[in-house]
Structures are given as C-alpha cells and as structure tokens.
Amino acid sequence: MDLRNAVGKRHGYHPSTMAVYLDHAATSPLRPEALEAMLPYLTSNAGNPSSLHATGRRARKAIDESRESIAQLIGAQPREIVFTSGGTEADNLAVKGAGWAATARGRHIVTTAVEHKAVLNATAILERANFEIVCLLVDEFGRVDPIDVAAALTERTTLVSVMSANNEVGTLQPIAAIGEIVRGHGAKLHVDAVQLAAHEAIDINAWQADLVSLSAHKLGGPQGVGALYIRRGTQLLPQLQGGSQERQRRAGTENVAGIVGFAAAFELARAESSAEAHRLRELSRRLRDGLDQLEGVTLTGHPDDRLPNNVSVVIEGVEGGDLVAALDLEGVEVSTGSACTSGSTEPSHVLLAMGIDPHLAHGSLRITTGPETTAQDVDTTLAAIRGVLPRLRGVEGVHPKVAATA
Ligand code: PLP
C-alpha cells in the first residue's frame with residue numbers, strides 16, 4: 001500500500017475530496033510519516049504494553065521511545081510525561097488534578113477569560129466544590145497582562161492556568177513573564193500549549209511551567225491522544241481510577257499506535273518548524289492583505305504576537321456559520337471560532353472577552369493553514385470569500401475598499 005496516497009495530499013482520510021483545507025487549528029491531518037510509524041502497532045505489533053510477553057514488550061518499548069522523544073522535544077524528563085486521550089483530558093488532569101492535590105494549602109485558582117473550554121469548564125466544576133476561581137480579563141488583542149496575574153495571586157492560590165496560544169484568534173501569551181511571577185509566589189503554573197506545539201519550540205524551563213498540555217492531532221498526529229507534562233515534585237490527584245499505568249497518574253491501557261504517531265508527528269513538526277513558520281507567516285500575510293481589501297472585515301487577535309498559521313477576522317453583516325457553509329460549497333474548509341464552539345449560536349467567549357461587539361462577534365471566521373497549504377490555496381480562498389459575501393449580505397457587488405480599477 002502506498003501510504004502517502006492512502007493519507008492523501010490534503011485530507012488525511014479523505015483523499016477523494018479536493019477541498020482547500022484551512023482548518024488546521026481544528027485538526028491538522030495525519031502526516032503520512034506518522035501513519036507509517038503507527039501501522040505496525042495497529043497490525044503485527046498490536047499488543048498491550050502491560051503484557052509480559054514479547055508482543056507486550058514491543059508495545060512497551062514503542063511507548064518508552066515515544067515518551068523519550070516527546071520529553072526531549074520540550075526539555076523534560078521522560079518520567080514527567082503522562083499520555084492522555086488528548087488536550088481536553090490533559091487540561092482536565094492538570095486543573096482538577098493539581099487543584100484537588102493542593103487543597104491543604106488553598107482552593108484559589110487563577111485563569112483567563114480566553115482559555116479553551118477544557119480549562120474553563122474544569123475550573124467551573126471546581127467552583128461548584130467551593131474553589132474560588134479568578135478569571136482574568138484580557139486586552140483588545142486577547143493578551144493577559146502579567147501584572148494582572150501578580151495582582152490576582154493570594155496566599156491561598158495553588159494554581160495558575162494560562163494558554164500559550166489562543167485557538168481562536170492565535171494570540172500568544174507572555175508565558176515566561178507569567179512563569180516568573182507564579183514561581184516566585186510558589187503556586188504551580190499550567191500552560192495549555194495545544195496550539196503552539198506545532199509551530200514553536202517549547203521549553204518548559206524557560207516558561208517555568210509545572211504542567212503543560214499537548215495534543216497530537218493539532219500537529220499532524222492522530223486524534224484521541226495527547227500528553228500532560230508534569231514537573232517532578234508536582235502533586236496531582238489522578239482523575240481516572242483503574243490500573244497503575246503511567247506511574248499511577250492516568251489509568252487505562254495506553255493508545256500505543258496513537259502515542260507512536262504523536263511522537264513521529266511532533267519530531268517532524270519540530271524539525272521543520274522555523275522554515276515552516278516563516279512560510280506560514282508569509283501565507284498569513286497574503287491572506288490578511290486580501291481580506292483587508294474587503295469592506296467590513298476586521299482582523300482579530302494580536303497583530304504581531306500570534307501563531308504563524310492563524311488568520312482570524314470578524315466580518316460585518318454575516319453569520320460565521322453561514323459563511324463557513326457557503327465556503328464549504330465552494331470547496332474551501334475553514335471555521336468560525338473554535339471547532340468546539342462552532343455549531344453553537346452563542347458568539348465566542350474569546351471574542352467577547354476581547355471586547356468585540358456581540359453582534360459583530362457572530363461573523364467570526366478562522367482560517368488556519370498547514371504544511372500542505374500553498375499560495376494558490378490562499379488565493380482560491382480569497383476568491384471564494386469575495387464570491388460568497390455579497391450573496392450572504394443580500395447585496396450585489398463585493399464592496400472592495402479599493403475600486404477594482406485602482
Ligand atoms: N486546548 C486548546 C487550546 C485547543 O485548541 C484544543 C482543541 O481544540 C484543546 C485544548 C482540546 O484538545 P483535544 O481536541 O485534543 O481534546
């Protein structure tokens with residue numbers, strides 16, 4: 001079987017669709033190299049890593065090697081990596097696990113209004129158990145001010161949870177500055193690095209982070225697998241009860257093939273990262289320049305401190321969901337807000353936290369490029385947006401800011 005064809009150029013599992021796929025923040029399709037690395041653990045080498053026989057030992061070895069590789073990529077020790085079923089579980093384990101483990105010292109947790117729902121809903125559960133949750137506000141670009149973090153800390157604060165890069169608008173947070181403050185205070189710092197990991201080297205020591213969430217399918221690995229980095233000495237109450245896997249921090253048979261694919265994709269992403277980040281930044285600039293030509297389009301997120309592959313806008317006079325559906329019919333796949341909030345009629349909590357008018361926030365569009373995206377894909381997308389906007393707005397003409405003849 002030709003794996004590269006099986007995976008398809010654009011669409012992981014759907015080689016027949018020739019859509020322009022610009023939704024890498026939702027899922028970045030499986031890299032062929034990752035699939036290739038996974039296949040033996042789905043077929044001839046499929047064994048339970050807890051089994052003592054040769055097949056089990058091969059599965060265990062594959063996990064150990066993947067753990068070493070992922071640890072090395074972020075500057076950690078292998079025993080500090082716990083594999084999970086994805087970013088959501090990693091966030092839940094970090095927030096609830098660290099929260100519950102430190103109740104003797106306090107029940108005060110600081111987070112931000114723009115976190116992923118996996119963090120926000122985990123803190124909401126703790127709030128129902130008498131934890132006090134402080135949700136910090138952000139500026140118009142979605143940035144948290146480290147001074148606000150410092151001001152929110154109390155004697156009873158045990159955990160601060162701040163994402164490194166926002167999944168909707170792409171804004172990067174000043175994690176190292178926040179890490180300095182949190183370490184000085186003595187609380188633990190959790191960083192959701194799910195969106196950043198594909199694009200920038202993560203150095204948990206430069207961040208002074210104690211807990212870091214990762215997810216494979218955001219960086220070209222398979223869905224349903226992720227990891228939580230847990231700094232040695234960080235107390236955590238396991239959130240799943242069962243066997244003693246993952247040094248008793250996460251019960252359940254490991255997703256061997258998924259873990260192997262995760263490591264393969266992460267290694268590839270890191271090896272390509274600086275050249276690829278430069279290329280993606282150029283594509284984003286092309287997209288932004290094109291969108292800037294259209295009336296009623298406002299870029300969201302930080303203008304400079306942002307993920308290289310994310311272009312987010314709000315568009316006046318349209319519903320983001322209608323725009324996504326119209327573009328889908330044109331063979332262009334993008335999203336409105338995050339994958340998790342799209343489908344809901346509520347405007348995104350991230351845009352609202354940034355002070356964007358709720359009416360305008362309904363017209364949000366997120367375009368996220370990836371390894372296979374070309375300049376031609378960007379131009380096709382811009383042409384499709386120009387084509388569908390007038391219809392969705394119920395008017396003729398595209399309303400270019402600059403006359404076509406200019
Ligand atoms: N955190 C962030 C910032 C994300 O973007 C996502 C996915 O959208 C998650 C967590 C959840 O990751 P997963 O889909 O692996 O559960």
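This tour goes from one helix to a strand pair and then to a three-stranded sheet. The model is predicted.

**Stop 1: helix α4**

Select residues 87–101. This is α4, a helix of 15 residues. From first C-alpha to last it reaches 20 Å, close to the 21 Å expected at 1.5 Å a residue. Now show the surroundings. Twelve of the 15 residues are buried, so α4 is largely enclosed by the rest of the structure. Buried here means under 20% relative accessible area. Colour the buried positions of α4, including Gly87, Glu89, Asp91, Asn92 and Lys96. Leu93, Val95 and Gly99 are also among them.

**Stop 2: strand β2 and its partner**

Move to residues 81–84, strand β2. Which residues cover each face of β2? On one side sit Ile81 and Phe83. Val82 and Thr84 take the other side, and all four of these residues are buried.

Add residues 226–230, strand β8. β2 and β8 pair in the antiparallel sense, over four bridges. To find the register, pick valine 82: leucine 228 in β8 stands opposite.

Strands of a sheet pair through backbone hydrogen bonds, so show the backbone for the next stop too.

**Stop 3: the open sheet**

Select β9, β10 and β12. They form an open sheet of three strands in the order β9-β10-β12, with antiparallel pairing. The edge strands are β9 (297–299) and β12 (364–368), and each pairs on one side only. Neighbouring strands of this sheet are turned by 30 degrees against each other on average, direction ignored.

Zoom in on β9 and β10 (residues 310–315). Three bridges join this antiparallel pair. Finish on valine 297, which stands opposite isoleucine 315 in β10.

Conventions. Residues are numbered from 1 along each chain as its sequence is written. This is a predicted model: local features need pLDDT of at least 70, side-chain atom pairs count only at pLDDT 80 or more; totals for chains, interfaces and linings use all residues. Side-chain values use heavy atoms; hydrogens and water are left out. Helices (H or I, at least four residues) and strands (E, at least two) are DSSP runs, numbered from the N terminus. The expected span of a helix is 1.5 Å times one less than its number of residues. Buried means under 20% relative accessible area, exposed over 50%, partly exposed in between (1.4 Å probe, protein chains only). Two strands pair if DSSP finds at least two bridges between them. Axes are lines fitted to C-alpha atoms, for helices over the stretch in contact, and angles run from 0 to 180 degrees between N-to-C directions.
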